[in-house]
Structure formats: structure tokens, C-alpha cells
Amino acid sequence: GYKLWLQYYPFENAEHEASCLPYFLKISVVGNSQTISVIKEEIEIAAEGFFAKKHKPEFQQNPDARLWIGTIESVPANLQAAWKSELSQITEEGYWIKSHAGRLFIIGKTDKGLLYGTFGFLKAVQTRTPLDGFEILENPKIQLRLLNHWDNLNRTVERGYAGFSIWNWHRLPRHIDQQYIDYARANASIGINGVSVTNVNANALVLTPEYLEKAKALADAFRPYGIKVYLTARFNAPMILDNLPTADPLDPAVQQWWKNKAKEIYGYIPDFGGFLVKADSEGQPGPHNYGRTQAEGANMLAEAVKPFGGIVMWRAFVYNEKTPTDRIRQAYDEFKPLDGKFRENVIVQVKNGPLDFQPREPFHPLFGAMPKTPLMMEFQITKEYLGQDTHWVNLASMWREILDADTYAEGKGSTVSKVLQGKVHPYSLTGIAGVANIGTDRNWTGHPTAQADWYSFGRLAWNPDADIDRIATDWLKMTFTQDQDFVNTTKEIMMKSYPILVDYMTPLGLHHIMARSHHWGPGPWVTGGGREDWTATYYHKASKDSIGFDRTASGSNALAQYAPVWTKAWGNPNTISLDYLLWFHRVPWDFKLPTGNMLWNEMALRYQRGVEGARWMEGQWMQLEGKIDPERYQHIASFLRIQVEEAVWWRDSCLLYFQQFSGMPLPPGVEKPL
Ligand code: GCU
């Protein structure tokens, strides 16, 4: 599993192999840069895998080569004229692959575009797409496509379930591990163009010369692959590192400190991307400590990196136990009034939902609500609340649901995807970030199928409107095999896995009923201690008569943060999608649902359905033995066993717990708890 989706498996079919081979013999790559070198290397690696008889591709400047790779200005003059219209459509990082007179042209505006085009070409070969006549024009729809590593300097990973951090700070900067290069290749192959390498719960030490040298080594290793490095900034770093008496963003000495720090960082990393900041949340320092706004905090950092072309990604995940309102309202309440107050090189990074990466949340109400402030998406690729390392759930399905959600900000069709693309409100910056699921495990992600989440994330960040069925097919073929049976069966498991998991964990809009602090396994009974909004009972509010969180006008009124279409549709417990019922409403246990069941029975039946779904996944997988290598087959099989056991655990614990309140028997069809 180490090679992820870059396996470059040998052809199954000799005829197809023979038709592809000529494109790998003599190749003309115009240009000379580190990126051009990695393009050639990647083609060599791929050719080594694809062809039974070993051929080393020959790279020579040859206008007649079967495969020609070059930027727009190097396209031969006669073709320039003929292709004027298509060439003018290629944007900065985009590419055009064009079949012409038995040859393939990969054309980009920049070398980075050529690298993406090369991976596009190799994907076509990997998925056994006929090359003769192949043509595709691809431009990314999002500018900033980032992985956020929540990696600590001691190599632990916050919410990481695949071993330790792959950044070996001890060996850096002197040793560049091959793993960093393979990581960069994998990212480039899916269009990821930035990585913030450190935890949002930031350690100021990363801003010291000792660590900047290490970050520089990573940046140098990633640059040929078109990947910029970003760092997380601890807001009170001036106090920690240089004993300043304050970190007040309006204090001139503090502002100067950050300006100097930015200059210092750019001395190490001339193309440093900028800062990612978590402030005023979960104990992190921030502008609130000085009575300042989130905009004032963000703008100070933005001023510091601006002369060097850097940006600030300021997280909207801000909540506070001292604020008495419903936690899920707080980000909107805080940020909405600040719309238009951020500098142009600030982008506000918003989690997909208003709580915290739950199995299912409605979209975050800030999307569509900030016409004058660019917003970027934060998805969580690591499965903190979704079974962590051992559950198989295709996150692309959840992301598709969120991206397709309609904010109605500017009327029907104002989807979250369009908001992110700057098509609803004209944003100067656009971005999508994913909290990485990568660690030192041999297969990178712990669960072999969690590689699909990394892969799908990249594809959706490149094109948030992409078809997830197609993404899954590509991933399966590139990662495992072309065997149609395998691909179809596994894809069906993937496509059904998300609703299955929601059923056995948090059906009907239940949320945050996981165990305390580590968030693994059920814990609807979690109460008291710490802070109220970290307890499950705060969210489900089960009592003898009812269950659910009233977020309508009679409750916290968080619902009012959405467009009128939603306040209407979701405001009525009889018309709201059952997916969000208990998220927005508090209803009696015998509340009659459109399914014909009363609430208690529906809940029990959904938990049961989830368990049956997990068993079905396992059963489907068992039929695939022998279709792929035994190692990955077994690994997934043993994790599916755990998943089934844990689905039962979830069902039994939640139903037994909630039954104390409902006082009703389990309906027919629901198994007795073990
Ligand atoms: C969650 C998670 C934390 C993380 C936080 C964040 O609350 O449990 O570990 O720090 O999200 O996104 O900042």
C-alpha cells in the first residue's frame, strides 16, 4: 500500500500495451527546471511499472515525438494558430492534453501546469483510457488546495490515527527522506499545491531559526512539485519567543515583531505561503485577550506577510465557554459582523459544519453569508469522529453533500461549491483545506481505504463539482486492479458506506455523542466536568418526554443564521429532512415521522439498519478474496470485522442509554442488545 494510487501496474492487455508504448519511447519535454526534471522522473517511474519489457524513455527535443510536453509559447507556430482558442483557455495551473496526428501534446501555461498535465496523462494510462484521440482541458476551480497537518514538533499528531508525524524534525534539515518526495508526488498527482505542516494548536517554536531551517528543507523538497509550505502561527509568539509584554495586535511593537518575523521566514523560504491561525478557541491565545476582533488579529499578520506575497488563513472555528449562546451559533455571530473588515490577503477558513466534523452536520451558515470576505472550506480527512482508523467510510460522499448544499445566498443554486469558487460572491482568493490523515504507518493512512479520502480530497479541491463515483473508480483502478468485479463491488461499498456509518453512529441529526475527549466510540452519557459544550448531554438533551436540541426561534435560534428557504423548511419538524431533525428540534419520543414510525422506533430501526449495513459491507468484501494481493485484502477484512463489532457497540450503547428516557420497547426487527 505504500505506493498509494501511483502503483503504475503492468498492462493486462498486450494490445492496449502496444498502443500505449510509443508514447513512452521518445518524449519531447521543452524546458529546463526542477519541475521539468520531476516530470521526466515520474514518466520513467511509470514506464518501469507499465511495460513488461523494460524501456527507458528517451527525452530529446524532437518536434515529432509521439509525446510532446511544453508550455504554450513553445508550441510550434502553425499549431499555435490552429489551437488559439483552446490555448487561451488554459489558466495558470491548468493543462490541455490534445491528440493530434497520432501524437499527444501536453500543454500548460507554466511548468506546474505541465506537471499536473503529466499526472493527468498518467492517470489516463493507469485507468486504461485509450490514448489515441485522448483529449482533456483541465483548470483548477480553486486556487488554494491545501493539506493541514495537525502535527506536533514532538511528532505526535493531533487526531492522527496512522502513526506518528512523517516530519522527522530531528533529522531535518540534514536528511530529506524519500518519504517526503513520495508524499509530494502523491500530492502533486491530485493537484494539492500547499501544505501547512504544523498543528493549529500551535507551538511558537516552529517560528525560531532552528525550526525555520527545517521548514526550509521541506519547502525546498516540495517546490519542484508545486507545493508551498505554510506554518501555523501561535498568536502570542512575540511574548513566548521574545518576552514582549503583550501580543495585542494593535500594539506597534507587536506589529513590528511580526513584520520582522515574516521577513526572517521569507529569508529562509522565499515562496513561503503564509500563516494558518487558530485563535481564541479551545484555550488558544488570540485577539480577544486584548479586546480586539478577529479581523484586527488577522489583519496584523496579513500586513506582515503582504510585502512578500503571503496570505493568512484565519480559522472561523472560534467558540468560547464564557459565551452563553449555543456553541454552534458562535462563529457566525462573531464573523458575520466583520464581513468586509479583513485585508485582501486574508481568507477565513470555515469547517464544513457549524459544530465540529460530526458524521453529519448541515453546512456552516457562514457559507454565503460573507459576500465581502473570501471563505475557504476546511474538511477533516482524518476521521476523528467517524470511527478513526478502523472504520471504512468514503468521506467524498459527505463532502459531496456539503458542496452541493444550497445556501440560497443569492437565490437558488448558490451552492457551497459555488461560494467556494467565488461564483456567488466575487472572491479574490479561493481555497479548500483538508486536515491530513497521513502518518508513519507503512500505508500512510492506517486504513488502506483511507487513502481514498486523501485522493478524493485532492480531486474535489481541484474541482469541487467533480463526480465522486468517477473519483472512486479512478482511485480503485489505480490503487488495486482493473478487475471489473472488484471495482464495481468495492465502489458500491464505498458509495453506501457513509449513510451506513451515520445510521449506526448518529442517526436523525444526533451529534457529539462520542466518548469524551478521544472521541472514539459511543458516549451519549458523557456529562459534567470540563465544559458544558464538550458533553454529549448538552447536545442531545434526552429526557423522559423528548430528545433533541431546539435551535428554532423557541430555542437557541441558530436556525435563523440560514437563508429563509431553510428557516422555513427546517423550522418545521414535520417538513425538515430527517437527517437534521434532532439537530434543530426537540421532539417527543412518540413524535410521528413521515416514515410512519414514531421517533423512538425510527431511531432504533436506523441503528439496526446501520449494523446491517456494516455487515453487508463485510459480506461484500469477503467475496473479493483473491482479486487483489492478500496483504491489503486481509488488512481491510480485519478492519471490517472491527467495524461490524463497533457498529453493534454503537447501536446497543445508544439504544440502551436512550431507552432509559423513552421507556419504550425496541420495535420488531431490532436485535436485542448483546
Ligand atoms: C476539534 C478537535 C481538536 C482540534 C479542533 C480544531 O475540536 O477535537 O483536537 O484542535 O477541532 O479544529 O482546532
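1. In this predicted model, helix H2 (residues 34-50) lies across strands E1 (26-29), E2 and E3. The helix runs at about 160 degrees to E1.

2. The strands under H2 belong to an open sheet of 6 strands, ordered E2-E1-E3-E5-E4-E6, with mixed pairing. Strand E2 (58-59) and strand E6 (136-138) stand at the edges with a single partner strand each, so one side of each has no neighbour in the sheet.

3. Within this sheet, strand E3 (residues 67-71) and strand E5 (residues 103-108) run parallel and are joined by 5 bridges. Leu-67 stands opposite Leu-104 in E5.

4. UniProt, in an unreviewed entry, places the feature "domain: Alpha glucuronidase N-terminal" at residues 4-120. Over residues 4-120 the chain is 39% helix and 20% strand, with its end C-alpha atoms 16 Å apart.

5. A barrel is also present: 8 strands close in the order E7-E8-E9-E10-E11-E12-E13-E14, with parallel pairing. From one strand to the next, the twist averages 25 degrees.

6. In the barrel order, E10 is followed by E11. Strand E10 (residues 274-277) and strand E11 (residues 311-315) pair in the parallel sense over 4 bridges, and Gly-274 has Ile-311 in E11 as its bridge partner. Helix H10 (residues 294-305) packs on the sheet and touches E10, E11 and strand E12 (346-351), at about 160 degrees to the direction of E11. Helix H14 (residues 450-462) packs on the sheet too, touching strands E7 (144-148), E13 (375-380) and E14 (431-435), at about 155 degrees to the direction of E7.

7. Around the ligand are Glu-158, Arg-159, Val-200, Asn-201, Lys-278, Glu-282, Phe-317, Asp-356 and Glu-384. By class, this shell has 6 charged, 2 nonpolar and 1 polar residues.

Notes:
Residues numbered from 1 in each chain as written. Predicted model: local features only at pLDDT ≥ 70, side-chain atom pairs only at ≥ 80, totals over all residues. Near = placed C-beta within 6 Å. Nonpolar A, V, L, I, M, F, W, Y, C, P; charged D, E, K, R; others polar. Pairing = 2+ DSSP bridges. Helix = DSSP H or I, 4+ residues; strand = E, 2+ residues; numbered from the N terminus. Contact = placed C-beta atoms within 7 Å. Axes fitted to C-alpha atoms, helices over the stretch in contact; angles between N-to-C directions. UniProt positions renumbered as here; feature names shortened; annotations may be inferred.
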